[in-house]
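Let's take a walk through this structure together, one region at a time. Keep the sequence and the model side by side as you read.

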Amino acid sequence: MFVDIAKIYIKAGDGGNGAISFRREKYVPKGGPDGGNGGNGGNVIFVVNSSLRTLMDFRYKRHFKAEAGQNGQGKDMTGRNGHDLIIEVPPGTTIRDEKTGDILADLMNDGEKKILVYGGKGGRGNAHFATSIRQTPRFAQNGEKGQELWVILELKMIADVGLIGFPNVGKSTILSILTAARPKIANYHFTTLSPNLGVVEIGEGKSFVLADIPGLIEGAHEGVGLGHDFLRHVERTRMLVHVIDASGIEGRNPIEDYYKINQELEKYSSNLGNKPQIVAANKCDLPGANENIKCLIEELSPSDIKVFPVSAAQNKGFRELLHEVVIMLDKLPPPKKFEVEEVDVYYRKQDNTSFEITFDKEVYVVSGPAIDNILRSVNFDDYESLQYFQRMLRRRGIIDALREKGIKDGDTVRIDEFEFEFLS
Ligand SMILES: Nc1nc2c(ncn2[C@@H]2O[C@H](COP(=O)(O)OP(=O)(O)OP(=O)(O)O)[C@@H](O)[C@H]2O)c(=O)[nH]1
Ligand SMILES: [Mg+2]
């Protein structure tokens, strides 16, 4: 398989912090809390753009960060949400978690979207924490951090068009003049041992992928020559350019060549036999080619197979051939989706309720997402905030869990970087 790979870092925007603010009005000495909520951070979203064909752009830019949410403000003003960051990828891109290797997304169709990391939620402003007893909360909630991840982008490039034909007919030479690929070209059979790939640019940002495939010979369907391996690749292409040596310089007859190769394709699979095909009658610069081409066109005209006389050596005749390829590709269905197992890890909402208690040198240490979440809204210098904190510990079952672990009054508890005495 032809694989293009890039490793990139993505980070969703952090949530904005909630504001601590109090109303100031004329003749109202002690206004109520009016700190607004922080805005949510932007997500990082991957979108398929079918005019892209490679992962080349990711060689230059590797870090992608979505915008953070803005902080809340006084007068109950909510911070603006951060914009999502859109990353465009070509069809056929799979995205893996760099650490676990799990496939997080397999993007195929134009416009298909996937959110891979979610922005952090904005923190609540102090207005949110006001109650009938706690009328002037001097604490607010900080925004949640946006998720971050290193991912591997993998593009299994599917060749739109495969160049097939007998050995030495000029397949690699054709690839080299139509694309930036530099395959080995030589005057002997089986110069090409594995498929080469190139991108043919046809202007207006349009392109297609062309594969040069090792020469086929009789018996290829049974594995003769370089056989099966690449016939499998050919099966995924959308159409074939059947390259024929029109000069007959190796003593074969071009018309027979045409039928023999097609028989091999047919015997390998009917899918391959039925693939749309046009003929590139190559080496038309050599003597005798014109006569052969006339016969070939005559032979194939009833079957509607178009024949294009070309010379890869002189770079002649390819404009017409490419024109036809583009017309055909436009009418053909897009390449087939790869079957891969998708692991849905990052669609899950963040887990805000689990925690863990460990015992470290006489100290009970509480950690986990539940703690991180509660800590976002604690101001340790503020009495009411601490009371709120304790209530949350109780409500989340953390106090009960500590008791179950055997904690007694006076023992030390550590949460994040804070240590305090346990009092029930
Ligand atoms: N005169 C002439 N020679 C050509 C033309 N195209 C290719 N050749 C020559 O034919 C020989 C084989 O060319 P390749 O492109 O390596 O052929 P191939 O089909 O890729 O061969 P395999 O990889 O062995 O299957 C080379 O010596 C080329 O220079 C052409 O249009 N005219
Ligand atoms: Mg070759």
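Is Y364 buried or exposed? Y364 counts as buried, because its relative accessibility is 8% and the cut-off for buried is under 20%. Please keep in mind throughout that this is a predicted model.

Let's turn to the aromatic rings. The structure holds 8 aromatic pairs. In one of them, F129 and Y388 meet edge-to-face, with 5.0 Å from centre to centre and 80° between the planes. To find the two partners, look for F129 in the loop between β7 (113-117) and β8 (148-157), and for Y388 in helix α8 (residues 383-395); the pair therefore ties together parts that are 259 residues apart in sequence. F129 counts as buried at 3% relative accessibility, and Y388 is buried too, with a relative accessible area of 14%. The ring of Y364 from our opening question also has a partner: its centre lies 4.7 Å from that of F359 and the planes stand at 65°, so this pair is edge-to-face. Here the two partners differ in their surroundings, since F359 counts as exposed at 52% relative accessibility, whereas Y364 counts as buried at 8%. Coming back to F129 and Y388, ring pairs link these two with F139 into a cluster.

Next come the strands. Four of them, in the order β15-β16-β17-β18, form an open sheet of 4 strands with mixed pairing. At the edges are β15 (356-360) and β18 (418-421), each of which pairs on one side only. On average, neighbouring strands of this sheet are turned by 25° against each other, direction ignored. Strand β17 (residues 412-415) pairs with β18 in the antiparallel sense over 4 bridges. If you would like a landmark there, T412 stands opposite E421 in β18.

Now move to strand β11 (residues 207-212). How many of its 6 residues are buried? The count is 6 of 6, so to speak a strand that is mostly covered. In a regular strand, side chains alternate between the two faces of the sheet. Both faces of β11 are covered, with S207, V209 and A211 buried on one side and F208, L210 and D212 buried on the other. Strand β9 (residues 161-164) pairs with β11 in the parallel sense over 3 bridges, and G162 stands opposite A211 in β11. Strand β10 (residues 196-201) runs antiparallel to β11, joined to it by 6 bridges. In this pairing, N196 stands opposite D212 in β11.

Charged side chains are our next stop. The structure holds 14 salt bridges. One of them joins K283 and D245, whose closest N and O atoms are 3.8 Å apart. K283 lies in the loop between β13 (277-282) and α5 (289-300), and D245 lies in strand β12 (residues 239-245), so this pair ties together parts that are 38 residues apart in sequence. Both K283 and D245 are buried. In another salt bridge, the side chains of E324 and K306 meet at 3.3 Å, N to O. Because E324 lies in helix α6 (residues 318-331) and K306 in the loop between α5 and β14 (307-309), the pair ties together parts that are 18 residues apart in sequence. E324 is buried, with a relative accessible area of 11%, while K306 is partly exposed at 41%.

A salt bridge can also sit within a single helix. R403 and D400 form one, with their closest N and O atoms 3.7 Å apart. The two residues are 3 apart in helix α9 (residues 398-404), so about one helical turn separates them. R403 is partly exposed, with a relative accessible area of 39%, and D400 counts as partly exposed at 46% relative accessibility. Elsewhere, salt bridges that share partners join E250, R252 and D257 into one network.

Our last stop is E264, in helix α3 (residues 254-268). Which side chain of opposite charge is nearest to E264? It is K267, 4.5 Å away, and E264 is buried yet has no salt bridge. A salt bridge needs the nitrogen within 4 Å of the carboxyl oxygen, so this distance does not qualify. Leaving aside neighbours within four places in sequence, E264 is in contact with I217, E218, G219, A220 and H221.

Key:
Residues numbered from 1 in each chain as written. Chains lettered and ligands numbered in written order. Predicted model: local features only at pLDDT ≥ 70, side-chain atom pairs only at ≥ 80, totals over all residues. Heavy atoms only, no water. Pairing = 2+ DSSP bridges. Axes fitted to C-alpha atoms, helices over the stretch in contact; angles between N-to-C directions. Buried < 20%, exposed > 50% of the residue type's maximum accessible area, 1.4 Å probe, protein only. Lys, Arg positive; Asp, Glu negative; His and termini not counted. Contact = heavy atoms within 4.5 Å. Phe/Tyr/Trp six-rings, centres within 6.5 Å; stacked < 30°, edge-to-face > 60°.
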